[in-house]
Amino acid sequence: MKRFFNRYEEEIEDEMIKNVSITDLTIDNDMTFATVYFMTRHKDTSLVEKKLNKASSFIRYNLAHKLNLRNTPFLKFVYDKSIENGENIERILKNIDEK
């Protein structure tokens, strides 16, 4: 996925989508559905998520041609909150230490 975004960056016109980093990918056992986790610096992460999901058929089509898979999974993009969650935990622990 990361290579896909790098390869097709010129074709992607939307700056929000260009500045996405893929952090993880999970595929179900029968390879029909994939969840793609991403991060972005854009403040409106829900808008970026909507745009990615809207472009998922284009991305899936190009992945199918590049990877030569018999079945290419349907893609669902989800904003990866792991760094935010880690920062929140750090903040909570810091507040506990200060008290």
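**A surface patch and a core, questioned**

Modeller: In this predicted model, where local features need pLDDT of at least 70, side-chain atom pairs count only at pLDDT 80 or more and totals for chains, interfaces and linings use all residues, L25, I27, M31, L67 and L69 form a nonpolar patch on the surface, with about 390 Å² of accessible area together. Residues are numbered from 1 along each chain as its sequence is written, and side-chain values use heavy atoms, with hydrogens and water left out.

Biologist: Why is L67 called partly exposed?

Modeller: Partly exposed lies between buried, under 20% relative accessible area, and exposed, over 50% (1.4 Å probe, protein chains only); L67 has 45%, and is therefore partly exposed. L67 lies in helix α4, residues 56–67, helices being DSSP runs of H or I with at least four residues and strands E runs of at least two, numbered from the N terminus.

Biologist: How do you know that strands β1 and β2 are joined?

Modeller: Two strands pair if DSSP finds at least two bridges between them, and 7 bridges join β1 (residues 20–27) to β2 (residues 33–40), so the antiparallel strands meet that criterion. L25 stands opposite V36 in β2, while M31, in the hairpin with 5 residues between the strands, takes a positive phi near 60°.

Biologist: What makes the largest nonpolar core a core?

Modeller: The term means a set of buried Ala, Val, Leu, Ile, Met, Phe, Trp, Tyr and Cys residues joined through side-chain atoms within 4.5 Å; here the set has 16 residues, and V20, I22, F38, V48, L52, L75 and F77 have the most contacts inside it. The largest share of this core, 4 residues, comes from β2.

Methods. Patch = residues over 30% accessible without salt bridge, like charges linked within 9 Å, V, L, I, M, F, W, Y side chains within 5 Å. Areas by Shrake-Rupley, 256 points an atom, 1.4 Å probe, with all protein chains shown as cover. Salt bridge = Lys/Arg side-chain N within 4 Å of Asp/Glu carboxyl O.
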